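Thank you for making the time this morning. Please bring up the sequence and the model together, and I will walk you through the points I would like us to look at.

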Amino acid sequence: MQKYLQENGIDDLKKKILCTRCGQEGNGLMGAVKIKCEYCNIPMVQTGYGIREFAILYNESLEGVSLKVMDSMGISEREYQDMIRRRDPRIQDEMARIKGGNPYALFLKEQFPGNFNLTAFESRNAQIKQEKEQKQREIESQKPRCPRCGSTDIKRNHRVINSDIGLYEKYYICYNCMNKFKRPR
Ligand SMILES: [Zn+2]
Ligand SMILES: [Zn+2]
């Protein structure tokens, strides 16, 4: 394995590994090492930077932007931090507006000027988003539903028929239409 990785120019998993064309990240120590970018079908690249170092470098590229975002959105630093934590998309949108493009894409372009391809970056992101939505739809479709209105806002409940012999009747209740039923669909 180590030898194979070295032959592909990857010999240090603590270094940031990515596809310099689309920005797809290698998952390094978190699992199987990706040798090839699954989107571009080209080899991943081991950068000279450590993972942390790379993150710091990116943060530096955002210097001053957070102040401008707070200013233009009229929010306090605390509100700003809260929104970051919640991954509120409005922050990213405002940063993109101020920087004149996706900040991470601009950073990658600066780091890998000969290789980075904005179209590849955007189509990868679109694909990831689509896959996420597809997964979400699958999860939704597998949820038990109220047989009357189709709502997933249902809860299991039971009523006591005879507590002496521990006889209960199980049923579901739908909080959307208040239907009570035996079996979800
Ligand atoms: Zn790629
Ligand atoms: Zn219902």
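Let me begin with a single residue: P89 counts as exposed because it has 9 C-beta neighbours inside 10 Å, where a residue is called buried with 20 or more other C-beta atoms within 10 Å of its own, exposed with 12 or fewer, and partly exposed in between, the C-beta atoms being placed from the backbone. P89 sits in helix 5, which covers residues 89–99, and its C-alpha atom is separated by 24 Å from that of R21, a residue 68 places away along the chain.

Before going further, I should say that this is a predicted model, in which local features need pLDDT of at least 70 and side-chain atom pairs count only at pLDDT 80 or more, while totals for chains, interfaces and linings use all residues. Residues are numbered from 1 along each chain as its sequence is written, and chains are lettered from A and ligands numbered from 1 in the order in which they are written.

On confidence, pLDDT is the predictor's own score for each residue, from 0 to 100, and the protein averages 90, with 93% of the residues scoring at least 70. Confidence is lowest in helix 1, residues 2–7, at a mean of 58, and highest in strand 5, at 96. Where pLDDT is low, the predicted coordinates should not be read in detail.

Turning to the overall layout, there are seven helices and five strands, taken as DSSP runs numbered from the N terminus, with H or I over at least four residues for a helix and E over at least two for a strand. The radius of gyration is 25 Å, well over the 16 Å that the globule rule gives for 185 residues, so the protein is more spread out than a compact globule; the radius is taken over C-alpha atoms, and the rule is 2.2 Å times the number of residues to the power 0.38. The C-alpha atoms fill a box of roughly 75 × 50 × 30 Å along the principal axes, and 12% of the 185 residues count as buried.

How is helix 7 covered? Of its 25 residues, two are buried, and the helix is hardly covered. Helix 7 runs over residues 118–142 and reaches 36 Å from its first C-alpha to its last, close to the 36 Å expected at 1.5 Å times one less than its number of residues.

There is nevertheless a nonpolar core, meaning a set of buried Ala, Val, Leu, Ile, Met, Phe, Trp, Tyr and Cys residues joined through C-beta atoms within 7 Å. The largest one has 11 residues, among them I17, L18, L108, F116 and F121, and the elements giving two or more residues to this core are strand 1 (15–18) and helix 6 (103–111).

Finally, the sheet: three strands form an open sheet in the order 3-4-5 with antiparallel pairing, where two strands pair if DSSP finds at least two bridges between them. Strand 3 (154–162) and strand 5 (180–181) are the edge strands, each pairing on one side only. Strand 3 pairs with strand 4, residues 167–174, over eight bridges, and N157 has Y171 as its bridge partner in strand 4. These two strands form a hairpin with four residues between them, and G166 in the turn has a positive phi of about 65°. Strand 4 is joined to strand 5 by two bridges, with I173 opposite K180, and M178, in the turn of their five-residue hairpin connection, also has a positive phi of about 65°.
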